[in-house]
Amino acid sequence: MLSRNAYLLLLLVLPLAACQPTNEVAGPPEATPVSAERFSTEALTRMQDRAARVEILRDRWGIAHIYGETDADTVFGTLYAQAEDDFNRVETNYINAMGRLAEAEGESQLFRDLRMKLFINPIDMQQQFESSPAWLQELMVAFADGLNYYLYTHPEVEPRVINTFEPWMALSFTEGSIGGDIERVNIQQLQAFYGSGSGLAQRRIPSDGEPRGSNGFSIAPANTVNGNALFLINPHTSFFFRSELHMVSEEGLNAYGAVTWGQFFIYQGFNENTGWMHTSSRADAIDEYLLTVEQQDDGYFYRFGDELRPLEQREVSVPFKDGDTLKQREFTTYYSHHGPVVREQDGRWVAFSIMEEPIKALTQSYSRTKATNYEEFAATMELRTNSSNNTVYADSDGNIAYWHGNYIPRRNPDFDWNSPLDGSNPATDYQGLHQLHEMITVMNPSNGWIQNTNNTPFNAAGPGNSPNPDDYPVYMANNPENARGVHAVRVLQDKTDFTLDSLIEAAYDSYLPFFENLVPDLLFITAVDSPVPVEPGDPSISISIQSETLDYIDLLREWDYRFGVESTETSLAVYWAQQLMDEVRSDAEAAGINIYQYMTDHSTVQQKLRALTQAAEILIQDYGTWQVPWGEINRYQRLNGDLVQDFNDDEPSLPVGFVSGRWGALASFGARTYPGTRRMYGTSGNSFVAAVEFGTPLRAKAITVGGLNSNPDSPHFDDQAQMYADGEFRDVLFYRNNVEANLERRYRPGD
């Protein structure tokens, strides 16, 4: 039997030939009620034996610290504890991952499910489970057992779809990022290609417009007061997207941090020696190929070089709920060697290519949580399956590092990899993967800090210490600089006295750098008949503005570009920027210019004035005045455990000073108004935030949005809400004696 470390080394040198996708498609598993009869005597005995080896300690915040004899025991307890806190979110993540949402919500989700089933095949996943090493199989069995034991011991819980979890299901959801690669496939275009049917309008959740991503900072010992590396974990996700917990075993597992509901590894977190933070990447890991397709008597073919290749056909069944019955719809789907066909463009079919290595991906996700130094962590990165994320790193030896992406196919640089490729040209095929040392990396820069805010990696360590873009193919880094990146460099550079608390202060610095490039264009207007240029650089002409508009400008004239709950300037500025963005969006798209750059560098003064006036008018309409404190508008509210909240101005809510990351707020709070509300309610941004000092002993502070439990009757539904809104952190209870000193409850699964 191979150990985890032996298997990790084996993966680095041998292909997983046994794990190639099959062509078989499975229908939905039969739903079976969860009861004593559902499980064999052997399964029940196995679950009960595991439960006896697991201890769950809930601290004063309801955070679960799971202690097990083996890693598998701890995984079992971890899934059991997650199910206690929010089984609905756990199940929903797997319903989505396996393409079974229509079984719960009906025919409107048919094509969302089809999208997943193009890539996730239950029979294939079951075969890959059988091909997995014994240590990983044991973890997957423990994963399923933990959830099943929760259902067995909580018969009052009624799953929407998944009545019994199976070990292979863990392979359908191997990475904890908020937007998986598959979600890059446009559902409407997929529906147009494979058939619209009737009454199949997709459910659309209005977006808050917040850039999805994260911040990660690493500070070297030379820049800290105590001579220890410091680390910031700041994911910007949908609220309540992850759980906070602690996994400990007698086999060396001791990891703390954020776990995406239903997974058995700490996705963003730390152990006593290493810390890892993933930020959404623009390193190119996905490509689309335009196929030239011909229909013949025996099927469809696509041109590749001088030959015609048959398009592989796979029959896919998608069940859906129709009233009280379960129906299903059959689809004939098509695959080239690039991947599945997902849409049509100008008469050509489009195939979608992504990384599909679930065993490697799950191995990497779990193994990094047990790495005790840089060499062990870098070995997990050699698996190259963290396809949609960058990695910011720090450790107790004082190392800090950054990897831009992880899975990057080697490509011909003569092609534009930001656009669909000609699938008939063999030169557009991948030439293997880039080795880890060929990717954009930063290791122990002399400035002593690293940052990433989903921005360009060529500013990761500031001027003079960052990678040179000329050294890398263009497809490795398509990210522009963003306002958060500008802000991050400012709070990190030239500072050599960081402490844990001052790192948190830097991460919550209230400055909004976007507006320093937007506001000055209006400040020269000091009278109603001031000369106002129609276009930047054009000769000025005299136009008339209303005196009220001058009042708006005067409010911004003395603004320090900092947000706060009492700031009326923040309210006017945010509404103004939102109106200007809406006004120039089509112009920016037509010009092919980043919307933020277009707003600051290309919008006219007249457009800015018009947007400012509209912003003030909206504030007056909603609040009776255009001078409204930001905290009166910007609110945190959670009324129940639903995945989508029905926000209500008449219900209690908390003022929040943070602002959207799009304007450069490091402490991000993505909010918008909703039907029937005048206030803006946050749904994304700062969610779980932690700051870590790798000293002896380790110290950390953290905050989670709202609370850890989805039940409104739980004291941990909202016990962190006010602290979150105030930017106040609590001490992380990492060592057992500290957990014991702050203990709320001690129990074993099933107690």
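Okay, let's start with a hairpin-sized piece of the picture: strand S11, residues 299-304, is joined to S12 by 4 bridges, and the two run antiparallel. One pair to click on there is Phe-304, which stands opposite Glu-307 in S12. Before I go on, remember that this is a predicted model.

So where do those two strands sit? They belong to an open sheet of 3 strands, ordered S10-S11-S12, with antiparallel pairing. Strand S10 (293-296) and strand S12 (307-310) are at the edges with a single partner strand each, so one side of each has no neighbour in the sheet. From one strand to the next, the twist averages 40°.

Now the other sheet. Here 10 strands make an open sheet, and the order reads S20-S18-S17-S8-S7-S6-S5-S2-S1-S31, with mixed pairing. Which strands are at its edges? Strand S20 (441-443) and strand S31 (743-747), each pairing on one side only. Neighbouring strands in this sheet are turned by 15° against each other on average, ignoring direction.

Let's zoom in on one pairing. Strand S7, residues 268-270, and strand S8, residues 274-280, pair in the antiparallel sense over 2 bridges. If you select Phe-270, its bridge partner in S8 is Gly-275.

Last stop, a helix. What does helix H3, residues 71-97, lie across? The list is strand S1 (54-59), strand S2 (64-68), strand S5 (242-249), strand S6 (254-260) and S31. Relative to S1, helix H3 runs at about 55°. And S31, as I said, is one of the edge strands of that sheet. That's my tour, thanks.

Conventions
Residues numbered from 1 in each chain as written. Predicted model: local features only at pLDDT ≥ 70, side-chain atom pairs only at ≥ 80, totals over all residues. Heavy atoms only, no water. Pairing = 2+ DSSP bridges. Axes fitted to C-alpha atoms, helices over the stretch in contact; angles between N-to-C directions. Contact = heavy atoms within 4.5 Å.
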